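Okay, thanks for squeezing me in today. I'll put the structure up and then talk through a handful of spots on it.

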Amino acid sequence: MSRLTVTTANLHGYDLIELKKLRNTHPKAFARNILTTIIMLYEGSSVKEIAEFLAQTITNTYIYINRWNELGMQALESQRGKSSRSQFTAEMVDDLLYTVTHTTPNDFGFLGGTWTGTLLATYIYHNYEVKCCQQTIRNILHSNGFSFKRAQRKPSKGNKSEQEAFKKNATDNPYCRKRF
């Protein structure tokens, strides 16, 4: 048997009447959906009823509620099409390139010997308080001539003679053809 979920929304100092006025006058449908969700939630509707009313998924409805609780009025601005790369200054890009070429994550207290996109995004957030995803970091590095290669697993232990025996065409085998 599943547990009942209780979902609440913070009004952030606004009145329901003010939110209704704002919902009726706001030009963007995304913002109207968020405001409708919060209003209906305060009026006692369930998340499922709200989702059916808005013709959205239940997941989207929860996203609207969590976004409103976290950001308040800033949640009404859609982030679609806005690149986090535009937040990068030339100084930040230069620091990123220097960090990748001359340092390791261990120098900054991170676990790991090689930089990954996630570690670099965390590094940027700690130093500049700019949130970005690993794909943004990857795009910046790629545009500056860097590329990523995934590490390939190489067994470090083992008998050298046995490893040589497994190499292709190392022994004569009637089922394996040698290439000359």
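I'll go through helix packing, then one residue in the core, then some rings, and finish with two loop residues.

Quick reminder before we start: this is a predicted model.

Let's begin with helix 3 and helix 4. Their axes sit 9 Å apart, and the two pack at an angle of about 105°. That falls between 65 and 115 degrees, so helix 3 counts as roughly perpendicular to helix 4. Who makes the contact? From helix 3 you have V47, K48, I50, A51 and L54, and from helix 4 you have I58, T61, Y62, Y64 and I65. If you sort the residues of that contact by type, you get eight nonpolar, one polar and one charged.

Now pick out I50 from that list, which belongs to helix 3. Is I50 buried or exposed? Its relative accessible area is 0%, and buried means under 20%, so I50 is buried. Leaving aside residues up to four places away in sequence, I50 touches T37, M40, L41, S45 and T61. T61 is one of the helix 4 residues in the contact I just went through. There's also a distance you can check on screen: the C-alpha atoms of I50 and N33 are 9.7 Å apart, with their positions 17 residues apart along the chain.

Staying with helix 4 for a moment, let's talk about rings. How many aromatic pairs does the count come to? It comes to five. One of them is F30 with Y64, and it's edge-to-face, with 5.9 Å from centre to centre and 85° between the planes. This pair links distant parts of the chain, since F30 is in helix 2, residues 29-42, while Y64 is in helix 4, 34 residues apart. The two partners come out in separate accessibility classes: F30 is partly exposed at 26%, whereas Y64 is buried at 7%. And remember that Y64 is also part of the contact with helix 3. Elsewhere, F108, F110, W115 and Y123 form one aromatic cluster.

Okay, on to another helix pair. Helix 5 covers residues 90-102 and helix 7 covers 134-143; their axes come within 11 Å and cross at roughly 85°. So these helices, helix 5 and helix 7, are roughly perpendicular to each other. On the helix 5 side the contact uses V93, L96, L97 and V100, and they meet I137, I140 and L141 of helix 7. What's the make-up of that contact, nonpolar, polar or charged? Seven nonpolar, no polar and no charged.

Last stop, the loops. Two residues here have a positive phi without being glycine. A55 has a phi of about 60°, and for E129 the phi is about 55°. Where do they sit? A55 is in the loop between helix 3, 47-54, and helix 4, 58-71, which puts us back at the helix pair we started with. E129 is in the loop between helix 6, 117-128, and helix 7. Both come out as exposed: A55 has a relative accessible area of 68%, and E129 has 66%.

That's everything I had, so go ahead with questions.

How values were computed. Residues are numbered from 1 along each chain as its sequence is written. This is a predicted model: local features need pLDDT of at least 70, side-chain atom pairs count only at pLDDT 80 or more; totals for chains, interfaces and linings use all residues. Side-chain values use heavy atoms; hydrogens and water are left out. Axes are lines fitted to C-alpha atoms, for helices over the stretch in contact, and angles run from 0 to 180 degrees between N-to-C directions. Angles under 35 degrees count as roughly parallel, over 145 as roughly antiparallel, 65 to 115 as roughly perpendicular and the rest as oblique. Contact means heavy atoms within 4.5 Å. Ala, Val, Leu, Ile, Met, Phe, Trp, Tyr, Cys and Pro count as nonpolar, Asp, Glu, Lys and Arg as charged, and the others, Gly among them, as polar. Buried means under 20% relative accessible area, exposed over 50%, partly exposed in between (1.4 Å probe, protein chains only). Rings of Phe, Tyr and Trp (its six-membered ring) pair if their centres lie within 6.5 Å; planes under 30 degrees apart count as stacked, over 60 as edge-to-face and the rest as tilted.
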